[in-house]
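Colleague: Please give me a close look at the sheet in this structure that seems most useful to begin with. I should then like to follow it outward to its surroundings.

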Amino acid sequence: MFAPTRRAVLLASTLFAAMSLAASLPAGAQELPKLEKKDSYKVGFAQTESNNPWRIAQTQSMQDEAKKLGHQLVYTDAAGSAAKQVADVNSMIAQGVDLIFLAPREEKPLIPAVRAAARAGIPVILLDRNVDPALAKAGRDYVTFIGSDFVDEGRRVAEFLAKEKPDGAKIIQLEGTTGSSPANDRKKGFEDGLAGKANFTVVASQSGDFARDKGRQVAEALLQAHPDADVVYAHNDEMAMGAIAAIEAAGKVPGKDIMVLSIDGGKEAVQAVVDGKIAAVVECNPRFGPKAFETLNRYAAGETIEPWVKNIDAFYDKSNASTEVTNAY
Ligand code: GYE
């Protein structure tokens, strides 16, 4: 018969104790990995997709700043797939990057990848989009979220609308990517902003996936189903431009028959404000590079980073669009 030695018993019980301790820790409760102070870093940037000017401006800003500071940027493009983005983060972990900047396409599916990076000793900074705040926390699962207040963006659009159309409106809402933090929050902020105002009705609300052509197709169908709609609220400029095309194809005049409202503030949309086709745009600035690397430096210096590094957004309407259009990205 096998008689375990004293050493083997001790080893087994230590192992068992360690295992049960790990099991009793809530997921993601490990200490956040530290970042060593170095002159140059190998940094990952996991982008969600590159199908619009906002994303292209964001990538450019990250690449420019990394180059300026002499860091190596490992760049991936998930091409609109959360599953690919998870794989991209895992490949960055395998390559041993020092830190990962992640723009999570959707709120939930990227959380395991964020935790996997932390377990591998790689700190993650979320850029522009957030993960589900009920499931993962800054300072525990990731360092911080750098980005805009999307709820406030939606609320500002509602406030403008209520002022411009005091008698009420029938609204078509073009939502962003389903399950993404800007889509969830821009919807919430807008609807909260109109709560209690009985003459404002969202007659239809559907996702156009933050994309121009999808936005155009969805707007076309919804305008047909709701010929009395007099406002289109788009969660981003790309869908707003798609909606303008749909409105014109339906023989109506954007800015006259139908008020168009948007978020992002790219040059094309701000020009559409100048031209009277869009009534107002809340800015959401994509130039993250300087702030991203400044936050990395602060973290490496041992500073405690606030859970949310907030971007401040401008607002464009006919009062300022013509002077601001040159600065828009
Ligand atoms: O509004 C949109 C982009 O995550 C804040 O995503 C960003 C949004 C932005 O595709 O144009």
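**From one sheet to the space between the domains**

Modeller: Strands β6 (residues 169–175) and β8 (residues 231–234) run parallel and are joined by four bridges. This description rests on a predicted model. One residue pair can be named within this pairing: isoleucine 171 has valine 231 of β8 as its bridge partner. The two strands belong to an open sheet of six strands, whose order is β7-β6-β8-β9-β10-β12 and whose pairing is mixed. At the edges of this sheet stand β7 (200–207) and β12 (315–317), each of which pairs on one side only. From one strand to the next, the twist averages 15°.

A second sheet can be described in the same manner. An open sheet of six strands, with parallel pairing, follows the order β2-β1-β3-β4-β5-β11. Its edge strands are β2 (72–77) and β11 (308–310); each has a single partner strand, so one side of each is left without a neighbour in the sheet. Here the twist averages 20° from one strand to the next. Within this sheet, strand β4 (residues 124–127) and strand β5 (residues 145–147) run parallel and are joined by two bridges. Leucine 126 has phenylalanine 145 of β5 as its bridge partner. A helix also belongs in this picture: α3 (residues 82–94) lies across β1 (42–47), β2 and β3 (99–102), and runs at about 175° to β1.

The domain assignment places these elements in a wider frame. It gives domain 1 as 35–147 + 286–310 and domain 2 as 150–284. Taken over C-alpha atoms, the centres of domain 1 and domain 2 are separated by 30 Å. Their contact takes 12 residues from domain 1 and 15 residues from domain 2.

There remains the enclosed space. With a threshold of 30 Å³ or more, the count comes to one cavity. The largest cavity holds about 130 Å³ of space. It is lined by 13 residues, of which the closest to its centre are Trp54, Arg55, Arg129, Arg186 and Asp264. By class, the lining comprises six charged, five nonpolar and two polar residues. Two helices, α2 (53–69) and α6 (181–194), each supply at least two residues of this lining. Where does the largest cavity lie with respect to domain 1 and domain 2? Residues of its lining come from both domain 1 (35–147 + 286–310) and domain 2 (150–284), and therefore the cavity lies between them.

Methods
Residues numbered from 1 in each chain as written. Predicted model: local features only at pLDDT ≥ 70, side-chain atom pairs only at ≥ 80, totals over all residues. Heavy atoms only, no water. 1 Å grid on protein atoms, 1.4 Å probe; cavity = no way out; pocket = protein on both sides within 12 Å on 5 of 7 lines; lining within 4 Å. Points joined across faces, edges and corners; volume = space filled by probe spheres on them. Nonpolar A, V, L, I, M, F, W, Y, C, P; charged D, E, K, R; others polar. Domains from an automatic or database assignment. Pairing = 2+ DSSP bridges. Axes fitted to C-alpha atoms, helices over the stretch in contact; angles between N-to-C directions. Contact = heavy atoms within 4.5 Å.
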